[in-house]
Each structure stands twice: as C-alpha cells, then as structure tokens.
Amino acid sequence: SDSQVWKAVDHYLSDTLQEDDAVLSAVLKANREAGLPAIDVSPNQGKLLYLLAKLKGAKNILEIGTLGGYSSIWMGRALPEKGRLVTLEHHPAHAKIANENIKIAGLESKVEVIEGLAIESLSVLQQTNDAGFDLIFIDADKPNNPHYLRMALELANPGALIIGDNIVREGKVIEENSEDPNIQGVRGFLELLAEDSRIESTAIQTVGEKGYDGFVLGVVKA
Ligand code: SAM
C-alpha cells in the first residue's frame with residue numbers, strides 16, 4: 001500500500017543521509033520501553049529541525065511538547081556554545097524520560113525541561129525570559145495551538161522561525177465543520193498565522209513513517 005512505500009522510502013532516506021547514531025537510537029528505544037507513544041518526529045524531520053536551527057543560527061530555542069526529548073536533542077545539537085533550549089512538557093513521566101535522554105545526549109547544560117501546562121510555563125517565560133527566542137517549535141496538544149501561537153509571537157525575536165507540526169492530519173484539516181478539537185485547533189492556528197501581519201508563513205504536506213501529515217513554517221518579520 002501507499003503507506004508501506006512511504007515508510008520504506010523514509011527509512012531509505014534516513015539510512016542514506018544519516019550516519020548511525022547510537023545516542024538517538026538509544027533515545028527512541030528508551031521512549032518505547034517507557035511506553036511513550038511513538039509520536040516523536042521522524043529521523044528525517046528531526047534532522048530538518050536541526051538544519052533549520054543551524055541555518056537560522058538560533059541561540060535560544062523554545063519547544064512546546066517534549067515527549068521523550070527526541071526533537072529537543074536534534075535541535076539542541078544545533079546550538080552554539082552558549083546556546084539554550086527550553087522545552088515544555090505537562091506529563092511528569094515524559095519529562096522524567098526526557099531529562100534522562102538529554103543527559104545521555106550530553107546536553108543537560110543547554111537543554112532545560114520545564115514541567116507543567118505549557119500555557120502556564122509560557123506566561124512565566126513572558127515575565128522572566130530576558131532573551132527572546134530565535135526558533136519556536138510548537139508540537140504539543142493541538143487544541144491549544146492558537147494560544148501557543150499568540151504567546152510564541154510575544155516571545156519571538158525579530159526574524160524568528162516558528163514551526164508547527166501535524167497540521168494536515170491525514171487530510172482532515174480541510175474539514176471545516178469537523179468536531180475534532182485537534183482539527184479546529186490546527187485550523188484556528190493556520191487562520192491566525194494568515195491574519196497576523198507580524199509573520200509570513202507556508203505549509204508543506206508530508207508522507208513518511210509517521211503517515212500523511214505536514215508542518216507549517218513561519219518567519220516573524222524583522
Ligand atoms: N516534540 C516531541 C518529539 O518530536 O520528540 C513530540 C511531542 S508529542 C507530539 C506532544 C507532547 O506534548 C506530549 O509529550 C504531551 O504530554 C505534551 N503535552 C500535551 N498537552 C500539553 C500541555 N497542555 N502542556 C505541555 N505539554 C503538553
């Protein structure tokens with residue numbers, strides 16, 4: 001079927017373009033053994049986040065939705081010497097595994113997991129964070145995406161990159177009367193991106209080992 005081909009091609013591409021990485025393999029293994037859902041970004045998507053962070057020269061990165069820290073580690077690896085990544089996670093068991101994984105990756109001095117509801121952590125960050133963020137990856141509960149975007153725009157530096165994952169949802173994003181709060185969250189998020197004159201955005205559909213989905217990428221005007 002189509003999805004078997006997408007998966008095989010995804011593996012072919014990551015096998016071809018990525019070296020064996022004992023740390024990242026151990027992280028994914030630990031996540032599955034701990035019973036975390038397999039909703040980490042794929043290896044190809046993880047490397048895209050890493051390359052985007054490098055391209056941007058991001059010194060301060062914010063992630064909303066940590067899970068086991070797989071995407072945090074990819075982006076954390078792109079940070080310069082004094083760079084920092086803050087990642088927000090509500091579920092204590094996820095935050096615990098993420099902290100262990102971040103240590104395995106040797107990134108504990110650069111990557112901080114803040115446990116709690118992201119909305120609350122974001123409002124604390126608005127009050128306490130002196131440096132704005134250069135890259136913000138939104139990947140938590142989709143119904144809250146419009147709120148996350150509003151707060152992300154307040155926390156972003158001029159020129160910042162804002163990325164939102166899982167915005168196609170097997171094509172269901174076009175169901176305007178959907179009663180699925182995830183769909184309505186994603187639609188509200190995209191509408192807000194379109195309306196807000198501070199940011200310019202585009203979205204790309206993807207297929208691969210995580211099925212049929214997509215991401216949106218916006219750049220805050222300088
Ligand atoms: N970015 C991760 C990766 O690629 O490895 C995957 C994140 S997973 C898709 C979403 C995470 O958001 C889950 O771990 C979930 O517990 C967390 N989450 C859900 N609702 C949340 C909330 N209100 N505040 C903070 N985290 C939340």
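**Helix α2 and the ligand shell**

Tutor: On one side of α2, A22, K29 and E33 are exposed, opposite the helix's buried residues. Keep in mind that this is a predicted model.

Student: What makes A22, K29 and E33 exposed?

Tutor: The cut-off is over 50% relative accessible area, and A22, K29 and E33 of α2 are classed as exposed. Buried is under 20%, and that label goes to L24, V27 and N31 in α2.

Student: How do you know that the buried residues line one face of α2?

Tutor: Look down the axis of α2: the buried residues fall within an arc of 55 degrees, so they line one face. In general, an α-helix has 3.6 residues a turn, so residues three or four places apart point the same way.

Student: What span is expected for α2, and what does the model reach?

Tutor: Helix α2 covers residues 22–33, 12 residues in total. From first C-alpha to last, α2 reaches 16 Å, close to the 16 Å expected at 1.5 Å a residue.

Student: Over to the ligand. Why is the pair between E89 and the ligand called a polar contact?

Tutor: A polar contact needs N or O atoms within 3.5 Å. An N or O atom in the E89 side chain sits 2.6 Å from a ligand oxygen, so the pair qualifies. The backbone joins in too: an N or O atom of V41 is 2.8 Å from a ligand oxygen, and a polar backbone atom of A118 is 2.9 Å from a ligand nitrogen.

Student: How much of the ligand does the protein cover?

Tutor: The protein covers 89% of the 610 Å² of accessible area that the ligand has on its own.

How values were computed
Residues numbered from 1 in each chain as written. Predicted model: local features only at pLDDT ≥ 70, side-chain atom pairs only at ≥ 80, totals over all residues. Heavy atoms only, no water. Polar contact = N/O pair within 3.5 Å; in protein donor to acceptor, adjacent residues only side chain to side chain. Areas by Shrake-Rupley, 256 points an atom, 1.4 Å probe, with all protein chains shown as cover. Helix = DSSP H or I, 4+ residues; strand = E, 2+ residues; numbered from the N terminus. Expected span 1.5 Å × (residues − 1). Buried < 20%, exposed > 50% of the residue type's maximum accessible area, 1.4 Å probe, protein only. Arc of directions from axis to C-beta.
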